[in-house]
Amino acid sequence: MAKDNSFDIVSEINLQEVDNAIQQTKKEIENRYDFKGSKSELKRDEQKLTITSEDEYKINSVVDILQSKLIKRQVSIKALHYGKVEPASGGMARQQIDLVQGIDQDRAKKITKLVKESKIKVQVQIQGEQLRVSGKNRDDLQQVMQMIRESDLDIPVQFVNYR
């Protein structure tokens with residue numbers, strides 16, 4: 001009997017690289033001319049980033065800097081979900097950014113449906129916050145990987161445990 005080949009589809013971000021990007025962003029804010037004398041701050045608590053600054057324009061500038069630093073460190077900005085800019089104490093403004101990891105049930109079902117509609121002979125199982133794709137032919141698995149890379153998902157996906 002032929003052994004099934006498989007791989008897992010996960011959505012993870014490297015938090016160490018996120019921390020490094022935050023440190024680089026803070027350094028750039030300290031040195032940029034348009035931030036001289038401003039009170040802009042960037043913090044990470046577990047899966048949340050908080051940007052506090054004087055106005056929405058400066059918050060957008062901090063977000064732009066942060067995104068460029070994350071891209072340079074190969075962290076997908078699809079993993080960032082932005083909250084609304086809201087007023088904070090002392091005439092400041094604040095924005096929350098959630099770091100999304102894992103594939104929720106709705107997205108998992110969407111990916112499963114996408115694979116089933118492709119008519120490739122593989123099986124997809126939802127396992128918590130990841131998906132396992134298995135099939136007899138490795139070429140079919142490669143086809144599924146390529147199809148998922150090309151599909152427009154709103155989360156970053158990686159392929160692990162390829163056997």
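**Exercise 1.** In this predicted model, determine which residue forms a salt bridge with D154, and find out how far apart the closest N and O atoms are.

*Solution.* Begin with the side chain of D154, which forms a salt bridge with R107, the closest N and O atoms being 2.9 Å apart. Next, place the two partners in the chain: D154 lies in the loop between α4 and β8 (158–160), whereas R107 belongs to helix α3 (residues 105–117), so the pair ties together parts that are 47 residues apart in sequence. Then consider how open each partner is: D154 is partly exposed at 40% relative accessibility, while R107, with a relative accessible area of 18%, is buried, since buried means under 20%. Finally, look for a further partner of R107, and D104 turns up, its side chain meeting that of R107 in a salt bridge of 3.1 Å, N to O. D104 counts as partly exposed, at 36% relative accessibility.

**Exercise 2.** State how many salt bridges a search of the whole structure finds, and describe where the partners D4 and K136 lie in the chain.

*Solution.* The search of the whole structure gives twelve salt bridges. One of these joins D4 to K136, with 3.3 Å between the closest N and O atoms. D4 sits in the segment before β1 (5–10), and K136 in the loop between β7 (130–135) and α4 (138–150), so that the pair links distant parts of the chain, 132 residues apart. As for their surroundings, D4 is partly exposed at 35% relative accessibility, whereas K136 is exposed, its relative accessible area being 54%. Elsewhere, a network of salt bridges links E28, R32, D34 and K69.

**Exercise 3.** Work out the order of the four strands in the open sheet, and identify which strands are at its edges.

*Solution.* Reading across the open sheet, the four strands follow the order β6-β7-β1-β8, and their pairing is antiparallel. The edge strands are β6 (123–127) and β8, each of which pairs on one side only. From one strand to the next, the twist averages 30 degrees. To examine one pairing in detail, take β6 and β7, which pair in the antiparallel sense over five bridges; here I126 stands opposite L131 in β7. Helix α3 packs on this sheet and touches β1, β6 and β7, its direction making about 175 degrees with that of β6.

**Exercise 4.** Explain why the buried residues of α4 can be said to line one face of the helix, and name the elements against which they pack.

*Solution.* First, establish the dimensions of the helix: α4 has 13 residues and reaches 19 Å from its first C-alpha to its last, which is close to the 18 Å expected at 1.5 Å a residue. Second, list its buried residues, namely D140, L141, V144, M145, M147 and I148. Third, look down the axis of α4, where these buried residues fall within an arc of 165 degrees, and therefore they line one face of the helix. On the other side of α4, D139, R149 and E150 are exposed. Fourth, turn to the neighbours: the buried residues of α4 pack against β1, α3, β7 and β8. The helix itself lies across β1, β7 and β8, and runs at about 15 degrees to β1.

Note on methods:
Residues are numbered from 1 along each chain as its sequence is written. This is a predicted model: local features need pLDDT of at least 70, side-chain atom pairs count only at pLDDT 80 or more; totals for chains, interfaces and linings use all residues. Side-chain values use heavy atoms; hydrogens and water are left out. A salt bridge is a side-chain nitrogen of Lys or Arg within 4 Å of a carboxyl oxygen of Asp or Glu. Helices (H or I, at least four residues) and strands (E, at least two) are DSSP runs, numbered from the N terminus. Buried means under 20% relative accessible area, exposed over 50%, partly exposed in between (1.4 Å probe, protein chains only). Two strands pair if DSSP finds at least two bridges between them. Axes are lines fitted to C-alpha atoms, for helices over the stretch in contact, and angles run from 0 to 180 degrees between N-to-C directions. Contact means heavy atoms within 4.5 Å. The expected span of a helix is 1.5 Å times one less than its number of residues. The arc is that of the directions from the helix axis to the C-beta atoms.
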